[in-house]
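Welcome! Please take a moment to look through the sequence and the 3D picture below before reading on.

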Amino acid sequence: MSQHKWISWNGNKTHSYQNLYTPTKELELQEIVKKNTSIRVFGGRFSSSDINAGTDTLIDITQYNKIVNINKETKEITVQAGITLKELIETAQQNGWCIPCLPDINSITIGGALATATHGTNGFILSKYVSKFRMILADGSIKEFTDTDFETDAIRVSLGLLGVFSEITFQCEANYKLHLVEQPMKDIAWTKKLDNYLKTHDFVRILWLPHTNHGYVILGNKVSEGFKFTLKKAPKYHKHRRATSKILYKYTHIFPRFTATANKILYRLFFTATKEHAGSLYDATVTKKRGQTMELAEWTIPYTKFQTLFADLKAMLESTSNRAYVHVPMDIRFIKKDNAWLSYACSEDVVTVGCVCRNSEKAHTYEAFEKVEEVFLKHGGKPHWAKHFKATYPQLSKLYSKWDAFEILREKMDPNQKFINAYLTQLFIK
Ligand SMILES: Cc1cc2nc3c(=O)[nH]c(=O)nc-3n(C[C@H](O)[C@H](O)[C@H](O)COP(=O)(O)OP(=O)(O)OC[C@H]3O[C@@H](n4cnc5c(N)ncnc54)[C@H](O)[C@@H]3O)c2cc1C
C-alpha cells in the first residue's frame, strides 16, 4: 500500500498515489505522460468534485508556471498551464490589457480553470478567450489546436480527459475601468429588473440571501478614466464577513434551522450598506485572499428558464418542511453562449447559481446540496464540473447535445483510458 496521500484544498477529497511528478519543462511533462499508464494532473486543488487524483501517477503542474511570450501587436499572452490566474492577469494589466470575464478567485491555475469551464460574471467562460492550446497527447506527442481544428471546441472544456494542457495562448483585450454600485434589493424587485439590468449594464451580479427576501445587487458599467463619482466604501468590519459566517454556521449541521437566523444576521451586518467604487475588473471584483475553506456547488440554467427555476428554488430553500437550509450568499452570475462541447453555456446564454457550505468538513451533511441539485435537474440545469454534485452518466449524458461526440473523441484521443479516474468513469462511461 502506498504511503503517499493527495488531499484537496478543503480536505474533503483524499487519494493515495504511487508517483508524483512536478515538471518544470515541457520535455519532462511529455516524458511523464509517455511512460505512465494512468495519470491525473492537478493545479491548485481547489475543485470540490473528485476530478484531480485517484490514479497511480499524479502530475503537480504548479511549477510549470512561466510566461512564454507576450505579443504586443496581437495582444496575446502565452503561458505554461500551471501559472496562476493572478500572474496572468497582472501581466495583462501591466500591458494595458485584460481578460474581460474573470472568476472570483485568482489563485487557481490556468490549466485547472480551463479544464473545468471556469467562468466569471457577464462574459464568456475563460476558455473562450484562448486562441491556441498546446497539448501533450496520450502517446506523449505534442499538438497545437486553434479555431481551425474541429477538436478545439471539445478541448476548451475537457477535464484533463483529452490530454494535458502545456502552453496556452490568451487573446487579451484593452483594459477598462468599471464603475460599480452595490446595494440590497428585495427579491421581487431585482428579479423583475433582471432583463433590463442585463441590457443596460456591463456587469451584473446578484449575491442572493435566502431567508431574508433580499439579494445584494452589484451593477457595473465601463467608464472613462476621468469618470467622476462619490466613493462609498464598505465599513471596515466587512472584511470579517467570511470569518463571521464561519462562526455563525459552525453548528448548523446539528441545528440546521439556525441557518435562517444566521442569514438574517449576516444580511443586517454585511449586505445592507450601499457601496460605490471603480477599478479594473480584476482590481474591483476579484477576491484576492480567502482565509476559510468551503465546499462549493454551482448549477447553471438557460437564461430563458431562470425565473421559473428561481421561484421553485426560493420556495424549496425557504420551506420549513425540509432541512435544506443554505448558507449565504448564493452567487448569481450570467454567462454568454459559446461553442465548447462540455460548456454549460454551449449554444445558449445561462445563469449560474452558486451554493456554498461554509463548514467544508461537514459538507456531507449539508442537505442544501442535494435539494438544490434536485431542483436544477428538474429544470434541465447543468452542474459546474469542478464543484459538488451527485449526478452521473444517466443524467449528464442527456444534458449536453455534444455528449456522444465528446465520448467518441475521448475514445480516439485516449484509447487506453490513461487520463480517467474512477469518479470520471462514473460520469463519462455508460
Ligand atoms: C473559493 C473558490 C472560488 C471559486 N470561484 C469560481 C468562479 O468564480 N467561477 C468558476 O467558474 N469557478 C470557480 N471556482 C472553481 C475553480 O475555478 C475550479 O475548481 C478550478 O478548476 C480550480 O483550479 P485549480 O488550479 O485548483 O484546478 P484543480 O482543482 O487542481 O484541477 C481542476 C481540473 O483541471 C484539470 N487540470 C489541471 N491542470 C491541467 C492541465 N494542465 N491540463 C489538463 N487538465 C488539467 C485537473 O485534472 C482537474 O480535473 C472556485 C473555487 C473555489 C474553491
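This report visits the ligand and then some strands.

The model is predicted, so local features need pLDDT of at least 70 and side-chain atom pairs count only at pLDDT 80 or more, while totals for chains, interfaces and linings use all residues. Residues are numbered from 1 along each chain as its sequence is written, and side-chain values use heavy atoms, with hydrogens and water left out.

**Around the ligand**

Let us begin with the shell of residues near the ligand (a residue is near if one of its heavy atoms lies within 4 Å of it). There are 34 residues around the ligand, and Val 41, Gly 43, Ser 47, Thr 109 and Arg 333 come nearest. The shell divides into 15 nonpolar, 13 polar and 6 charged residues. Here Ala, Val, Leu, Ile, Met, Phe, Trp, Tyr, Cys and Pro count as nonpolar, Asp, Glu, Lys and Arg as charged, and the others, Gly among them, as polar.

Where does the ligand lie with respect to domain 1 and domain 2? Domain 1 (1–175 + 392–430) and domain 2 (177–279 + 292–385) both give residues to the shell, so the ligand lies between them. These bounds come from an automatic or database domain assignment. β4 (39–42), α3 (110–115) and β11 (164–171) each supply at least two residues of the shell. Such helices (H or I, at least four residues) and strands (E, at least two) are DSSP runs, numbered from the N terminus.

The table lists polar contacts of the ligand (pairs of N or O atoms within 3.5 Å).

| Ligand atom | Protein partner | Distance |
|---|---|---|
| oxygen | Arg 40, N or O atom in the side chain | 3.0 Å |
| oxygen | Arg 45, polar backbone atom | 2.9 Å |
| oxygen | Ile 51, polar backbone atom | 2.9 Å |

On its own, the ligand has 970 Å² of accessible area, and the protein covers 98% of that (by the Shrake-Rupley method with a 1.4 Å probe).

**Strands and their partners**

Strands of a sheet pair through backbone hydrogen bonds, either parallel or antiparallel. Strand β1 (residues 4–7) and β2 pair in the antiparallel sense over 4 bridges; two strands count as paired if DSSP finds at least two bridges between them. His 4 stands opposite Tyr 17 in β2. The hairpin of β1 and β2 has 6 residues between the strands, and Gly 11 there takes a positive phi near 80°.

Another sheet is open, with 8 antiparallel strands in the order β16-β13-β15-β14-β18-β19-β17-β20. Its edge strands, β16 (275–279) and β20 (382–383), each pair on one side only. Strand β17 (residues 295–302) runs antiparallel to β20, joined by 2 bridges, and Thr 300 stands opposite Lys 382 in β20.

Key: Polar contact = N/O pair within 3.5 Å; in protein donor to acceptor, adjacent residues only side chain to side chain.
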